[in-house]
Structure formats: C-alpha cells, structure tokens
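This report is meant to be read with the sequence and the 3D structure side by side. Please look over both before going on to the text.

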Amino acid sequence: MMRSFPVLLLACGIISCEVISTKNVKLPSSPEKLVVNGVVSNVGVGVYVTKTLPVLQSNPTSSLLEASVSLQKNGMPWAVLQKGTDLYMSDSNWKYTDNLTVEVQHPALGKALAVPDSLPSAVKMSEVSALYTKEQTEAAVTLAFRDVSGADYYAYKMIAVKDGEPLTKESIYKIPTDAMMSYLSFDNQTKKIISRLFLLKEAGNNQTIRANQVKVYLYHLSAATYDYYRSLREYDSYNEDTFAEVLPVKNNIKNGYGFIGACSIDTITVNLK
C-alpha cells in the first residue's frame with residue numbers, strides 16, 4: 001500500500017497540470033438570401049417566405065418575412081398573394097392556369113423566382129370513412145383511391161374537426177412528408193389506407209374537446225415535388241447518423257433557396273360514427 005502512494009501523487013500531479021486552451025475562430029460570412037417554400041395547387045397557392053440565418057445565431061427565428069409575393073404569367077403580373085398569419089396565399093377566386101412564375105420581392109434581399117411544374121391530374125378519393133374506437137379517444141380512418149396510369153406520387157393528411165373547426169392548426173399547403181407514397185407498389189390499382197387519428201384537445205379549465213368529424217386530404221404530387229420533400233426528409237434523418245453522407249436538398253428558387261411544388265388536392269370531410 002505504501003509503494004503505490006507516490007504513484008498516485010504523481011498521477012494526480014499530471015492530471016492537475018492539464019491545460020485547456022481556447023481559440024476564437026472567425027467563420028466566413030455569406031450574404032443573406034431569401035428562403036421560399038410553397039405549393040401551387042388546384043385549390044390555391046400558399047407560399048412561406050423567410051431568409052437565411054447565421055449558423056451560430058442564438059435563438060434563431062423563422063417568422064414570415066415582409067415581402068411582395070405575386071404570380072406572373074408570360075412575364076406579366078397575374079395575381080398578388082395576400083399575407084396571412086403564416087403564409088402568403090391566393091384569394092378565394094383562385095383558378096389555376098399553367099405557365100406560372102412565383103415572384104418574391106424584398107427591398108433588401110432582392111427578387112427570387114420559381115417556376116413550378118404543371119399540376120398533375122386530379123385524383124379523387126373513392127372511399128373515406130371514420131369510426132370511433134371503443135374509448136372514443138381515437139378514430140379508425142379509412143381512405144381509398146385509384147392510381148392513374150404512369151409514374152405518380154401521393155401524400156395524405158387527416159385532421160380532427162369539431163363542428164367544422166379543426167382541432168389543430170394545419171395548413172392545407174403543408175405537404176405531410178411522413179405520409180408520402182410512390183405508385184410503384186400499387187401501379188394502376190386501388191390503394192387503401194387505414195390509419196388512427198387522435199380526437200381530443202385540451203381546452204383549459206379541465207375541459208376537453210372531442211372531434212366529431214375528420215377532414216382528409218389526398219395530394220397528387222408532381223415528380224419534382226415528391227423528390228424535393230423526400231430529399232428534405234432524408235436530410236433531416238442524417239441528423240441521427242453522424243457518419244451518413246449528407247445529400248443536398250433540391251432547390252428550384254432562382255436567387256434564393258427553397259422549393260415551390262405543384263400538386264392537385266382532393267378534400268373530403270366525414271362525420272364520425
């Protein structure tokens with residue numbers, strides 16, 4: 001025991017003499033750019049506008065940027081999108097036309113442009129139903145549709161509704177990346193989907209709202225739109241794998257970043273049974 005004592009002292013001395021140095025590293029700066037994401041569809045247009053942020057900025061925000069957002073057709077102004085709480089959107093008189101360009105003007109960041117794909121054909125749902133589970137906290141929701149001929153891509157979304165009011169704030173223009181599908185497994189066949197949906201929302205004062213309806217969206221995506229959202233989903237998954245090769249996210253914004261997609265949307269609201 002006595003022989004090990006000097007060794008312990010020596011080890012403690014070595015550890016206590018460890019020096020940690022710090023250096024300030026100046027990262028190269030890059031000019032701010034517009035970031036534009038959105039969807040052109042048969043039911044309207046929704047565009048979200050923000051800007052790039054410094055990598056090390058604390059508490060980064062991505063609030064909707066004040067800008068002028070419009071649609072151009074053959075180089076001429078065609079429609080102006082109105083600023084809402086979360087998006088710039090078309091008005092209720094919207095009617096789709098092809099050869100559109102989305103233009104975003106910002107006084108400091110300049111002009112960004114995007115030319116979305118033409119809309120894919122409208123695909124209608126052939127079946128939608130929603131049944132309460134035994135505890136009535138969830139619903140078993142069924143939807144079905146028939147794939148059209150060719151290479152086609154889809155997504156679907158389900159929202160709980162109480163007397164016409166959605167229980168969650170979910171924009172129709174937000175593509176559900178966790179519910180996208182390729183035609184490969186059901187080419188030119190009927191596709192049937194059965195999913196569970198939570199129906200309750202806390203309303204305060206120990207009150208709970210239970211949905212009595214379900215709103216279902218079926219998105220028929222252009223190939224480029226599907227590829228973009230798939231690349232975005234894959235990019236997000238790389239955060240969980242330190243050694244994965246990070247692939248670039250697709251982009252169709254000139255003088256900026258982001259993507260303006262194209263899709264046709266079918267919507268059905270059903271009562272719960």
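Is Lys 124 buried or exposed? With a relative accessible area of 58%, Lys 124 is exposed, because the boundary for that class is set at over 50%. The structure discussed here is a predicted model, and every value in this report was computed from it.

**Salt bridges**

Lys 124 is a useful starting point, since this residue forms a salt bridge with Asp 266, in which the closest N and O atoms are 3.8 Å apart. Lys 124 lies in the loop between β8 (110–114) and β9 (125–132), whereas Asp 266 lies in strand β19 (residues 256–271), so the pair ties together parts that are 142 residues apart in sequence. The partner of the exposed lysine is itself enclosed, for Asp 266 has a relative accessibility of 9% and therefore counts as buried.

A search of the whole structure finds eight salt bridges, and the table lists some of them.

| Basic residue | Acidic residue | Closest N and O atoms |
|---|---|---|
| Lys 73 | Asp 98 | 3.6 Å |
| Lys 124 | Asp 266 | 3.8 Å |
| Arg 230 | Asp 227 | 3.5 Å |

The salt bridge between Lys 73 and Asp 98 also links distant parts of the chain, with Lys 73 in strand β3 (residues 68–73) and Asp 98 in the loop between β6 (88–89) and β7 (100–106), 25 residues apart. Asp 98 is partly exposed, its relative accessible area being 36%.

The salt bridge between Arg 230 and Asp 227 lies within a helix: these two residues are three apart in helix α2, which means that about one helical turn separates them. Arg 230 is partly exposed at a relative accessible area of 33%, and Asp 227 is likewise partly exposed, at 24%.

**Strands β3, β7 and β8**

Strand β7 pairs with β3 in the antiparallel sense over six bridges, and within this pairing Val 69 stands opposite Val 104 in β7. Strand β7 also pairs with β8, again in the antiparallel sense, over five bridges, and here Glu 103 stands opposite Leu 113 in β8. The strands β7 and β8 form a hairpin that has three residues between them. Six of the seven residues of β7 are buried, so this strand is largely enclosed by the rest of the structure.

**Strands β9, β10 and β14**

Strand β9 runs antiparallel to strand β10 (residues 138–146), and seven bridges join the two; Ala 130 has Val 141 in β10 as its bridge partner. These strands form a hairpin with five residues between them, and in the turn Gln 136 has a positive phi of about 60 degrees. Strand β10 is joined in turn to strand β14 (residues 190–198) by nine bridges, with the two strands running antiparallel, and Leu 143 stands opposite Ile 193 in β14.

**Aromatic pairs**

The count of aromatic pairs comes to 10. One of them is formed by Tyr 154 and Phe 186, a tilted pair with 6.0 Å from centre to centre and 40 degrees between the planes. Tyr 154 lies in strand β11 (residues 153–162) and Phe 186 in the loop between β13 (180–182) and β14, so the pair ties together parts that are 32 residues apart in sequence. Both Tyr 154 and Phe 186 are buried.

The rings of Tyr 228 and Phe 259 have centres 4.6 Å apart and planes at 10 degrees, so this pair counts as stacked. Tyr 228 in helix α2 and Phe 259 in strand β19 are 31 residues apart, and their pair links distant parts of the chain; Tyr 228 and Phe 259 are both buried. Elsewhere, Trp 78, Trp 94 and Tyr 96 form one aromatic cluster.

**The largest pocket**

The largest pocket has a volume of about 460 Å³. It is lined by 17 residues, of which Asn 37, Tyr 48, Leu 87, Lys 174 and Tyr 229 are the closest to its centre. Strands β1 (34–41) and β2 (45–51) and helix α2 (223–237) each supply at least two residues of the lining. By character, the lining of the largest pocket divides into eight nonpolar, seven polar and two charged residues.

Note on methods: Residues are numbered from 1 along each chain as its sequence is written. This is a predicted model: local features need pLDDT of at least 70, side-chain atom pairs count only at pLDDT 80 or more; totals for chains, interfaces and linings use all residues. Side-chain values use heavy atoms; hydrogens and water are left out. On a 1 Å grid over the protein atoms alone, a cavity is a set of points where a 1.4 Å probe fits but cannot get out, and a pocket is an open set with protein on both sides within 12 Å along at least five of seven lines; lining residues have an atom within 4 Å of a point. Grid points are joined across faces, edges and corners, and a volume is the space filled by probe spheres set on the points. Helices (H or I, at least four residues) and strands (E, at least two) are DSSP runs, numbered from the N terminus. Ala, Val, Leu, Ile, Met, Phe, Trp, Tyr, Cys and Pro count as nonpolar, Asp, Glu, Lys and Arg as charged, and the others, Gly among them, as polar. A salt bridge is a side-chain nitrogen of Lys or Arg within 4 Å of a carboxyl oxygen of Asp or Glu. Buried means under 20% relative accessible area, exposed over 50%, partly exposed in between (1.4 Å probe, protein chains only). Two strands pair if DSSP finds at least two bridges between them. Rings of Phe, Tyr and Trp (its six-membered ring) pair if their centres lie within 6.5 Å; planes under 30 degrees apart count as stacked, over 60 as edge-to-face and the rest as tilted.
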